[in-house]
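Q: I am new to this structure and would like to learn how to read its features. May we go through them in turn?

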Amino acid sequence: MGNNQVYNFGAGPAMLPIPVMQQIQEEFLDYRGMGVSVIEISHRSKEFDEVINRCDELIKELSGLPDNYRILYTHGGARMQFSAVPMNLLPLKPANKAVYSETGNFSKQANVEALRYGNIIVASSGEDCNYNKLPPLTRDMVPDDASYAYITSNNTIYGTQYKNYPELGDIPLVVDATSDIFSRPLDFSGIGVIFASMQKNLGPAGTALTIVREDLIGHAMALTPSLLDYAVYEKSHSLANTNNTFAIYTTCLVMEWLKKGGGLDAMAKMNATKANTLYQLMDNSDFYSGTADVGDRSYMNVTFKLPNEELTQRFLGEALKNGLYALKGHRVVGGIRASIYNAMPLAGCQALAAFMQEFERTHG
Ligand SMILES: Cc1ncc(COP(=O)(O)O)c(C=O)c1O
């Protein structure tokens with residue numbers, strides 16, 4: 001638990017690594033001997049330049065980002081990308097068309113937003129099974145004249161996650177990776193754009209990390225606000241206006257932490273161990289039932305139900321007394337959701353598993 005009093009299973013804003021928060025605290029009033037805070041220095045200062053360059057460098061190194069991708073720090077969290085993506089990418093082909101796979105609330109919001117700007121086809125939807133599994137998306141479901149195809153990598157509310165991204169050949173894949181970015185190695189081969197708001201695996205809310213293949217930049221619709229235009233971000237190194245310097249600084253520290261911990265391979269192994277600690281318990285229990293289909297279940301958001309609502313409320317109350325915070329499932333699914341992003345230590349999952357066993361023993 002470090003200096004925090006509880007294990008925080010909140011879906012986002014979510015827990016950050018303790019060493020990162022300690023470092024922020026230590027240097028908050030006096031950034032590296034400057035006598036001012038990192039949030040008080042100019043976004044155009046040499047010191048901030050070092051921060052943003054270091055952050056880029058670490059992202060490239062950790063993810064193995066190919067040279068033809070650009071790192072952008074974009075305003076407005078992930079939902080702003082629901083607008084930015086169609087505005088920047090739809091004009092790539094004259095049909096002004098894109099294909100969306102509907103895997104939950106966030107992909108639905110994304111396609112509703114995109115509908116304002118072009119012809120949007122929902123190729124597949126998990127709505128019929130309450131999004132408890134991922135609908136297929138294959139190349140033959142995507143028309144040749146589509147500018148891009150869109151998926152949500154990890155469905156925060158429903159607890160489903162792509163193990164591998166659909167392979168769509170020449171069609172650029174756009175990935176909302178808000179709730180699993182850098183939780184495992186990334187294969188960029190089919191990716192046109194991948195974006196993630198920061199408040200789960202990166203830093204504070206309100207800003208997104210958006211990575212774009214360079215040939216997809218520079219095609220934005222004329223009406224695109226300049227602060228949604230990828231070309232404006234690329235040209236200014238995300239500093240066309242005053243960006244969220246604190247978010248970029250925090251993300252940089254989180255990247256240093258990831259590197260120290262062995263990078264994305266080590267993180268992936270740890271995340272699998274953490275999630276399986278909970279899934280194994282659920283699989284061996286008649287008391288807890290997982291809400292996501294076994295083949296698609298997420299290593300980031302573990303969702304499950306108890307036999308009834310009264311037991312669910314009691315579980316939440318007793319969990320809190322045991323230092324297990326923010327386990328309430330999203331209102332559209334109900335039950336319990338344990339969000340176990342990169343910063344959640346294995347000990348947190350073990351503490352939850354022990355609590356679950358004891359709760360089943362006393363209430364089952
Ligand atoms: C997968 C996914 N996409 C998008 C969002 C929306 O992010 P934001 O609130 O930063 O716009 C969330 C938020 O939880 C999310 O989990």
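A: Let us begin with a pair of strands in this predicted model. Strand E3 (residues 97-102) and strand E5 (residues 146-152) are paired in the parallel sense, over four bridges. One residue pair illustrates this: the bridge partner of Val-99 in E5 is Ala-149.

Q: In what order do the strands of the open sheet of seven strands lie?

A: A sheet is read by walking from one strand to its neighbour. Here the order is E2-E10-E9-E8-E5-E3-E4, and the pairing is mixed. At the edges lie strand E2 (69-75) and strand E4 (119-125), each of which pairs on one side only. On average, and ignoring direction, neighbouring strands of this sheet are turned by 20° against each other.

Q: Which strands does H4 lie across?

A: For a helix on a sheet, one names the strands beneath and then the angle to one of them. Helix H4 (residues 105-114) lies across E3, E4, E5 and strand E8 (173-176), and its direction is at about 160° to E3.

Q: At what angle do H3 and H4 pack?

A: Two helices are described by the angle and the distance between their axes. Helix H3 (residues 77-89) packs with H4 at an angle of about 40°, the axes being 8 Å apart. That angle makes H3 oblique to H4. The crossing in which H3 passes H4 is right-handed.

Q: Which residues make this contact of H3 and H4?

A: From H3 come Arg-79, Phe-82, Ser-83 and Pro-86, and from H4 come Gln-109, Ala-110, Glu-113 and Ala-114. Sorted by class, the contact of H3 with H4 has four nonpolar, two polar and two charged residues.

Q: Which helix gives the most to the shell around the ligand?

A: To read a ligand site, one lists the surrounding residues and then asks which elements supply them. Helix H3 gives the most to the shell, with three residues. The residues around the ligand are Gly-12, Gly-77, Ala-78, Arg-79, Phe-106, Thr-152, Thr-156, Asp-176, Thr-178, Ser-179, Ser-197 and Ala-205. Arg-79 is thus among the residues around the ligand and also takes part in the contact of H3 with H4.

Q: How many residues of each class does the shell around the ligand have?

A: The shell has three nonpolar, seven polar and two charged residues.

Q: What is the order of the open sheet of three strands?

A: The approach used for the other sheet applies again. The order is E11-E12-E14, with antiparallel pairing. Its edge strands are strand E11 (289-290) and strand E14 (336-339), and each pairs on one side only. Strand E12 (residues 301-305) pairs with E14 in the antiparallel sense, over four bridges. Within E14, Arg-337 is the bridge partner of Thr-303. Helix H7 (residues 263-283) lies across E11, E12 and E14 and runs at about 20° to E12.

Q: How is the crossing of H2 and H6 described, left-handed or right-handed?

A: The handedness is stated alongside the angle and the distance. The crossing of H2 and H6 is left-handed. The axes of helix H2 (residues 46-63) and helix H6 (residues 245-260) come within 9 Å and cross at roughly 40°. This makes H2 oblique to H6. Among the contact residues are Phe-48, Val-51 and Ile-52 of H2, and Ile-248, Tyr-249 and Cys-252 of H6. By class, the contact of H2 with H6 divides into twelve nonpolar, two polar and three charged residues.

Q: At roughly what angle do the axes of H8 and H9 cross?

A: The axes of helix H8 (residues 309-321) and helix H9 (residues 346-363) cross at roughly 130° and come within 11 Å. That makes H8 oblique to H9. H8 passes H9 in a right-handed crossing. In H8, Leu-311, Arg-314, Phe-315, Glu-318 and Ala-319 meet Phe-355, Phe-359 and His-363 of H9. These residues divide into five nonpolar, one polar and two charged.

Q: Is the peptide bond from Gly-12 to Pro-13 cis or trans?

A: A peptide bond is read from its omega angle. The bond from Gly-12 to Pro-13 is cis, with omega near -5°. Pro-13 is placed in the loop between strand E1 (7-8) and helix H1 (18-27). Gly-12 is also one of the residues around the ligand.

Q: What is the phi value of Phe-182 near?

A: The backbone angle phi is examined residue by residue. Phi of Phe-182 is near 60°, a positive value in a residue other than glycine. Phe-182 belongs to the loop between E8 and strand E9 (191-197).

Notes: Residues numbered from 1 in each chain as written. Predicted model: local features only at pLDDT ≥ 70, side-chain atom pairs only at ≥ 80, totals over all residues. Near = placed C-beta within 6 Å. Nonpolar A, V, L, I, M, F, W, Y, C, P; charged D, E, K, R; others polar. Axes fitted to C-alpha atoms, helices over the stretch in contact; angles between N-to-C directions. Parallel < 35°, antiparallel > 145°, perpendicular 65-115°, else oblique. Left-handed = near helix turned anticlockwise from the far one by under 90°. Contact = placed C-beta atoms within 7 Å. Pairing = 2+ DSSP bridges.
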